[in-house]
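Work through the exercises below with the sequence and the 3D structure open. Each task is followed by a solution in steps.

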Amino acid sequence: MSYSQKVVDHYENPRNVGSFDRNDSSVGTGMVGAPACGDVMKLQIRVNQDGVIEDARFKTYGCGSAIASSSLVTEWVKGKTLDQAMRIRNTHIAEELALPPVKIHCSILAEDAIKAAIADYRTKCEDVSEIGVQPGAQQAAKAAA
Amino acid sequence: MRIPIYLDYSATTPVDPRVVDAMLPYLREQFGNAASRSHSFGWDAERAVERAREQVAALAGADPREIIWTSGATESINLALKGAAQFYRDKGRHLVTVRTEHKATLDTMRELERAGFEVTYLDVQQDGLLDLAQFEAALRPDTIVASVMLVNNEIGVIQDIEAIGELCRGRGIVFHVDAAQASGKVPIALEKLKVDLMSFSAHKTYGPKGIGALYVRRKPRVRLEAQIHGGGHERGLRSGTLPTHQIVGMGEAFRIAMEDMPSDNERIRALRDHLLAGLSQIPELYVNGDMHRRVPHNLNVSFNFVEGESLIMAIKEIAVSSGSACTSASLEPSYVLRALGRSDELAHSSIRFTVGRFTTREEVDYASELLQRKVSRLREMSPLWEMYNEGVDLNTVEWTAH
């Protein structure tokens with residue numbers, strides 16, 4: 001299988017590999033895919049008080065295209081608001097990386113991972129606001145302590 | 001040391017320089033047609049063909065008159081299975097084979113099914129070996145042909161063809177053995193085995209591609225229906241002008257195999273074991289197939305929590321085979337490893353290393369160091385590895401299948 005230069009670059013020099021503490025209230029975690037299908041992506045976003053994604057991390061079990069797709073979206077989501085990040089489409093990812101048709105599912109998975117991470121973060125916010133604490137405030141309190 | 005390093009000797013082997021030397025005169029001066037009976041060009045070619053037939057027969061413990069030239073093991077298998085099934089079709093319509101056979105056997109069996117035959121595909125045990133009781137239980141009064149490979153191409157395990165032959169002979173079942181991966185790796189004594197048909201290839205044993213042989217037992221005589229018709233060469237079983245240079249190459253390759261097998265195997269086994277020792281430093285490594293009933297040059301391992309295609313991409317400096325079909329749209333893990341009961345993940349992350357006559361210790365060291373480095377890098381990137389280290393049982397996780 002011949003990969004595009006961009007896929008090879010992301011595969012060989014993946015951006016933002018790693019993990020955040022998934023229990024941190026400013027972190028949203030999305031895990032999509034299944035080992036039996038050959039792809040599992042874990043995407044994490046750290047959201048600041050203004051609702052902007054200030055950092056992202058990923059870990060991916062999968063082929064070169066899956067690794068490249070997730071590496072690329074960690075770059076793309078940074079600096080975006082949650083609503084802006086929600087608008088990232090798999091077609092943008094596939095186009096940027098010049099994925100061959102058999103690898104389109106990697107870009108779909110990456111899109112799903114962003115949505116899952118955002119959904120996880122939003123669920124956390126709701127849980128927290130129910131007990132009357134803003135997620136950002138809690139984060140600030142933690143940092144101060 | 002030349003990069004990439006070739007560690008895929010079960011796919012094919014380089015032609016031994018001694019074999020090339022033996023072949024060249026038959027491409028130049030001695031170009032005659034072995035079927036030409038009226039001049040010395042033909043006589044020379046015929047002599048060379050018959051000498052090669054003796055060399056091939058010698059390695060297999062057969063009579064030279066039992067060897068038929070073909071274009072390779074795939075053709076031999078087609079001729080053996082279709083030829084025997086068609087000849088004995090009035091005796092019965094049932095054939096028996098094994099799920100882990102090479103596609104040349106499995107696809108031929110599928111074709112026979114389309115032609116009205118019935119085929120039983122037997123499972124293997126977790127070590128890749130056939131359960132003889134299960135094999136015996138599959139035999140029926142209308143079974144006419146059984147086909148089992150001597151050495152598996154993916155995991156290198158050696159089936160007990162001696163015992164299988166006993167079970168077949170007593171019932172008058174024609175027993176075919178695919179020995180493409182076996183020649184020069186394990187001793188074959190056809191004079192003692194109850195095998196009726198055996199397929200060989202030259203290019204897995206340091207001979208040229210495009211030439212193979214089929215052993216057809218004379219006593220008791222096994223009959224076949226020819227699949228290629230023409231000039232009546234090879235006693236009418238396989239027509240077509242004999243490729244003298246290819247045949248000479250196969251003969252020389254098999255002569256060398258016979259001479260060098262003990263020393264080659266000892267050296268190659270040491271290299272393979274050295275490779276396994278190096279790779280064993282990687283945690284969560286699984287060897288596929290039995291390690292004892294196995295050819296000395298094969299090592300098939302799975303690296304847990306690493307995806308196969310990304311692993312292959314990471315080890316471009318070595319030429320190995322992967323258990324996964326990367327180019328297909330659907331994820332298709334090796335059917336051989338699936339038959340051993342390996343999970344999709346493990347089957348998909350398998351690598352087959354096959355060392356050979358020209359492999360050096362330096363190359364093996366390079367390969368195991370490369371694997372250690374790359375597997376560890378990919379695991380750092382793998383969420384599954386992270387979960388495994390956190391003590392999560394991956395079987396209890398609810399995945400979002402896609």
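**Exercise 1. The interface**

How many residues of chain A are in contact with how many residues of chain B?

Solution. The model is a predicted one. In it, 25 residues of chain A are in contact with 23 residues of chain B. Next, assign the chain A side to its elements: strand 1 (27–34), strand 2, strand 3, helix 2 and helix 5 (104–130) of chain A each supply at least two residues. Strand 1 of chain A gives the largest share of that side, four residues.

**Exercise 2. The make-up of chain A**

List the elements of chain A in order from the N terminus, and state what percentage of its residues is buried.

Solution. Count the elements: chain A has six helices and three strands. From the N terminus on, their order is α-β-β-β-α-α-α-α-α. Of the 145 residues in chain A, 46% are buried. Finally, consider contacts in chain A between residues at least 6 apart in sequence: 64% of these join residues at least 24 apart.

**Exercise 3. A hairpin in chain A**

Describe the pairing of strand 2 and strand 3 of chain A and the turn between them.

Solution. Strand 2 (residues 39–47) of chain A and strand 3 of chain A run antiparallel and are joined by eight bridges. One pair to locate is Ile45(A), which stands opposite Ala56(A) in strand 3 of chain A. The two strands form a hairpin with five residues between them. In the turn, Gly51(A) has a positive phi of about 75°. As for burial, strand 3 (residues 53–61) of chain A is mostly covered, with seven of its nine residues buried.

**Exercise 4. A helix crossing in chain A**

Classify the crossing of helix 2 and helix 4 of chain A as roughly parallel or roughly perpendicular.

Solution. The axes of helix 2 (residues 64–77) and helix 4 (residues 90–97) of chain A come within 10 Å and cross at roughly 110°. Angles of 65 to 115 degrees count as roughly perpendicular, so helix 2 of chain A is roughly perpendicular to helix 4 of chain A. Helix 2 of chain A passes helix 4 of chain A in a right-handed crossing. On the helix 2 side, Ser65(A), Ala68(A), Ser69(A), Leu72(A) and Val73(A) meet Ile93(A), Glu96(A) and Leu97(A) of helix 4 of chain A.

**Exercise 5. The sheet of chain B**

In what order do the seven strands of the open sheet in chain B lie?

Solution. The order is 2-8-7-6-5-3-4, and the pairing is mixed. The edges are strand 2 (67–70) and strand 4 (118–122) of chain B, each pairing on one side only. On average, neighbouring strands of this sheet are turned by 20° against each other, direction ignored. Helix 6 (residues 161–169) of chain B packs on the sheet and touches strand 5 (143–149) and strand 6 (174–178) of chain B. The direction of helix 6 makes about 160° with that of strand 6 of chain B.

For one pairing in detail, take strand 7 (residues 197–201) and strand 8 (residues 212–216) of chain B, which run antiparallel and are joined by five bridges. Ser201(B) has Gly212(B) as its bridge partner in strand 8 of chain B.

**Exercise 6. Helix 3 of chain B**

Why is helix 3 of chain B said to be largely enclosed by the rest of the structure?

Solution. Start with the geometry: helix 3 (residues 73–87) of chain B has 15 residues and reaches 20 Å from its first C-alpha to its last, close to the 21 Å expected at 1.5 Å a residue. Of these 15 residues, 13 are buried, so helix 3 of chain B is largely enclosed.

Now examine one packing partner. Helix 3 and helix 4 (residues 103–114) of chain B pack at an angle of about 30°, with their axes 9 Å apart. The two helices are therefore roughly parallel to each other. Their crossing is right-handed. Residues that make the contact include Ile77(B) and Leu81(B) of helix 3 of chain B, and Thr108(B) and Leu112(B) of helix 4 of chain B.

**Exercise 7. The surroundings of Ala57(B)**

Is Ala57(B) buried or exposed?

Solution. Ala57(B) is found in helix 2 (residues 40–60) of chain B. Within 10 Å there are 20 other C-beta atoms, so Ala57(B) is buried. Leaving aside neighbours within four places in sequence, Ala57(B) is in contact with Ala62(B), Asp63(B), Pro64(B), Glu66(B) and Ile67(B).

Notes: Residues numbered from 1 in each chain as written. Chains lettered and ligands numbered in written order. Predicted model: local features only at pLDDT ≥ 70, side-chain atom pairs only at ≥ 80, totals over all residues. Pairing = 2+ DSSP bridges. Axes fitted to C-alpha atoms, helices over the stretch in contact; angles between N-to-C directions. Contact = placed C-beta atoms within 7 Å. Expected span 1.5 Å × (residues − 1). Buried ≥ 20, exposed ≤ 12 C-beta atoms within 10 Å, placed from the backbone. Parallel < 35°, antiparallel > 145°, perpendicular 65-115°, else oblique. Left-handed = near helix turned anticlockwise from the far one by under 90°.
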